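Visitor: Please take a close look with me at a single part of this model, and follow it outward from there. I would like each term given with its cut-offs as it comes up.

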Amino acid sequence: MARIVVDPITRIEGHLRIEAVVENGVITDAFSSGTMVRGIEKILLGRDPRDAWAFTERVCGVCTTVHALASVRTVEDALGISVPKNAELIRNLMFCAQYVQDHVVHFYHLHALDWVDIVQVLSADPKETSKIARSISRWPKSSPKYFADVQKRIKTFVDSGQLGIFANGYWGHPAYKLPPEVNLLAVAHYLEALEWQKEVVKIHAILGGKNPHPNYLVGGVPLSINTEEVNALNTERLNHINKLIGDAIVFVEQVYLPDLLAVAGFYKDWASIGGGLSNYLAYGDLPTASYNQPESFKLPRGAILDRNLSEVHEVNGRDQNEIREYITHSWYEYEGGNNKSLHPWEGETKFNFTGPNPPFEHLNVEEKYSWLKTPRWKDHAMEVGPLARMLVAYASGRTEVQDVVNDALGRLNVPVAALFSTLGRTAARGLETQLVAHWMKEFYDDLIANIKSGNTSTFNDSKWDPDTWPETAEGVGMTEAPRGALAHWIRIKDKKIENYQLVVPSTWNASPRDAKNQRSAYEQSLIGTPVNNEDQPLEIIRTIHSFDPCIACAVHLYDPDGKHIHQVQFNQRGL
Amino acid sequence: MGDEGVGVRVAQYLFSQKLPEGVTCLDGGTGGFHLLEHLQEADTVFLIDAINDGQHPGTITVLTPRYSKDYPATLTAHDIGLKDLIDSLYLLGKVPNIRLFAVSIKLQSEPVMELSAEMDKAVPRIADQILKETLQRI
């Protein structure tokens with residue numbers, strides 16, 4: 001029996017640690033630990049609720065705008081504010097742009113190299129790659145010369161040995177199954193995606209005033225619509241957005257999806273590995289009417305238990321019996337004791353670090369072992385993320401979603417049950433991207449129609465003035481970050497934040513065990529996973545990366561080491 | 001945050017100053033891949049961030065790391081961070097000169113937004129020194 005440690009689990013850096021117990025080449029137990037503390041809840045106490053979005057937006061480098069969205073909705077929910085139709089549409093457009101960018105980046109830059117052996121690229125025949133590329137897509141960059149050039153570039157990087165992404169892989173591992181030519185195709189698109197992702201996020205700069213960290217506003221969006229005005233959302237800017245949306249649809253349909261299906265075809269064994277939990281939770285998002293009408297969401301709200309796709313349970317963030325957080329195995333303490341759970345309105349953020357100081361060999365998993373709390377829905381451990389959203393939509397009878405899911409299952413020739421797996425999770429993300437890219441165009445068309453009808457309102461100021469607020473109020477703002485269900489809870493007293501709690505997607509998925517010793521999604525998904533070589537646990541990384549891990553945090557530090565560093569010092573007595 | 005936010009505070013201070021021609025200041029926050037284009041567009045990038053290196057708080061160390069692996073192990077709290085960006089710049093073939101101004105801080109145990117009184121007082125001087133250094137190197 002061996003205990004494998006992967007820390008960090010993300011490709012180059014990060015703050016998630018996995019310890020897995022391997023017996024006879026198969027994982028029999030696993031522990032997931034968030035190794036950095038997030039203290040944003042404490043920072044928000046006593047502040048103006050209308051400012052909270054700007055703080056929460058910086059919690060994470062990849063989910064940035066969705067935290068701002070959850071935050072403004074929380075305050076709007078508490079104060080009973082509904083936002084104008086245009087504001088809802090503009091928020092949807094920013095949401096969609098974030099998804100398309102984030103999912104593409106996840107596939108190519110954070111996950112593809114778990115399946116694509118970059119060193120194999122060097123032995124590929126570019127002519128053959130070209131043939132494959134042309135057989136699966138109309139994407140124009142597909143000539144033998146193009147792929148030969150990419151191959152040359154990669155050779156330079158591999159030879160130099162300097163780039164982290166090439167140095168940190170398990171190249172040559174027997175679990176890599178793609179022919180060299182498909183590896184080359186994927187790596188060429190890795191590079192193209194890197195250039196392309198810069199474009200689609202320009203939608204954030206246009207609609208949010210700046211990027212990174214675009215602006216939000218309680219009661220609407222901080223943007224005026226005037227087709228003639230230079231500084232407003234004008235015709236030129238709208239046309240630019242339309243073009244970016246069109247380009248995004250083409251990239252997703254001609255590059256991302258064909259690659260996803262081509263790669264998946266070689267890894268069908270992963271359709272029965274990594275399923276983990278059998279419960280799925282989605283808060284849903286993309287209102288077509290308003291946020292207060294969840295039934296109008298493109299991505300519906302609901303919960304699935306025991307993989308039963310014929311029943312979707314209602315989810316209510318305000319019901320204090322539904323979403324609750326445990327700290328039994330987390331480095332916090334509750335006034336009511338270690339085995340209690342709390343609804344986020346009653347949530348407490350009191351640190352109690354009892355873990356080992358580095359360097360150490362293993363965490364003491366009998367006690368507390370993570371900085372993440374453990375959320376539960378009606379005491380069930382739930383998986384969140386693209387797979388949960390697609391399953392809830394599928395089970396809710398959304399034909400748009402059923403069609404793309406069934407089509408992909410048909411092309412791969414696998415049953416619906418294949419969705420409950422590592423491969424299913426990765427495929428669900430791609431299918432969702434296709435849907436979201438098209439929905440982005442629908443929302444754009446709705447916005448244009450609204451503007452043409454003379455409706456340019458973007459802000460509801462009726463409750464902006466704190467004098468209009470009640471003495472106390474409580475709210476919840478729910479959304480879906482690309483990596484899963486995200487919500488903020490607020491209690492307002494005397495116009496200030498009295499309590500603020502975030503329950504983020506990676507808390508649902510990456511948390512430690514609860515008081516009943518139930519595993520969360522990451523830990524459960526690793527049980528039964530084969531490990532070919534304990535020194536190169538590629539299989540663990542595949543499954544954990546399929547969740548798109550992101551341990552949100554607000555701490556930032558340098559520790560000096562490294563080889564090529566040239567140091568100069570001044571200001572020796574700085575203060 | 002606390003004194004770990006010194007980079008943001010120095011950037012905010014620089015926003016209020018008249019910067020030399022050709023120099024722009026960006027509060028990159030936790031921007032991840034969203035920052036790629038900003039970095040690509042520059043000839044030289046001066047990064048300002050906090051460092052916990054045991055030196056006297058307020059000490060500035062100028063580092064010129066070349067590759068992502070030269071950067072400290074715990075470079076950032078965010079799962080797509082500067083190291084991924086540096087690698088990406090190489091892959092795309094346009095790499096700016098990068099200088100990292102690391103400002104030594106003392107770690108605080110409780111998360112707060114504000115800088116300590118001493119660090120807050122030192123912000124203008126840190127900014128001025130960085131600006132002076134910047135002018136010499138562009």
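Guide: A good place to start is a residue pair: Val476(A) stands opposite Trp489(A), the latter lying in strand E12 of chain A. The model is a predicted one, in which local features need pLDDT of at least 70 and side-chain atom pairs count only at pLDDT 80 or more, while totals for chains, interfaces and linings use all residues. Residues are numbered from 1 along each chain as its sequence is written, and chains are lettered from A and ligands numbered from 1 in the order in which they are written.

Strand E12 of chain A covers residues 484-493, and because nine of its 10 residues are buried, the strand is largely enclosed by the rest of the structure. Strands (E, at least two residues) and helices (H or I, at least four) are DSSP runs numbered from the N terminus, and a residue is buried if 20 or more other C-beta atoms, placed from the backbone, lie within 10 Å of its own, exposed if 12 or fewer do, and partly exposed in between. Strand E11 of chain A, residues 472-481, runs antiparallel to E12(A) and is joined to it by 10 bridges; two strands pair if DSSP finds at least two bridges between them. These two strands, E11(A) and E12(A), form a hairpin with two residues between them. E12(A) is also joined, by seven bridges and again in the antiparallel sense, to strand E13 of chain A, residues 496-503. Within that second pairing His488(A) stands opposite Leu502(A) of E13(A). E12(A) and E13(A) likewise make a hairpin with two residues between them, and in its turn Asp494(A) has a positive phi of about 50°.

Chain A also holds an open sheet of three strands in the order E1-E2-E3, with antiparallel pairing. Its edge strands, each pairing on one side only, are E1(A), residues 2-6, and E3(A), residues 26-34. On average, and with direction ignored, neighbouring strands of this sheet are turned by 20° against each other. Strand E2 of chain A, residues 16-23, pairs with E3(A) in the antiparallel sense over eight bridges, and Arg17(A) stands opposite Ser33(A) in E3(A).

Strands E1(A) and E2(A) come back in the surroundings of helix H16 of chain A. This helix, residues 538-546, is mostly covered, with eight of its nine residues buried. The buried residues of H16(A) are Glu539(A), Ile540(A), Ile541(A), Arg542(A), Thr543(A), Ile544(A), His545(A) and Ser546(A). What covers them includes E1, E2, H4, H13 and helix H15, residues 521-526, of chain A. Just after H16(A), Asp548(A) takes a positive phi of about 65°.

Two of those covering helices also pack on each other: H4(A), residues 85-111, and H13(A), residues 422-452, meet at an angle of about 155°, with their axes 9 Å apart. The axes are lines fitted to C-alpha atoms, for helices over the stretch in contact, and the angles run from 0 to 180 degrees between N-to-C directions. Helix H3 of chain A, residues 64-79, packs on H4(A) as well, at an angle of about 150° and with the axes 9 Å apart. In this packing Thr65(A), Val66(A) and Leu69(A) of H3(A) meet Arg91(A), Met94(A), Phe95(A) and Gln98(A) of H4(A); two residues are in contact if their C-beta atoms, placed from the backbone, lie within 7 Å.

One residue of H13(A) can be followed in detail. Gly424(A) is found in that helix and counts as buried because it has 28 C-beta neighbours inside 10 Å. Leaving aside its neighbours within four places in sequence, Gly424(A) is in contact with Ala271(A), Leu387(A), Ala418(A) and Leu419(A). Gly424(A) and His313(A) are 111 residues apart in sequence, and their C-alpha atoms are 22 Å apart in space.

For chain B, a brief view may suffice. Its four helices and three strands run α-α-β-β-α-β-α from the N terminus on, and buried residues make up 48% of its 138 residues. Helix H3 of chain B, residues 82-92, is mostly covered, eight of its 11 residues being buried, among them Leu82(B), Ile86(B) and Leu91(B). Just after H3(B), Gly93(B) takes a positive phi of about 85°.
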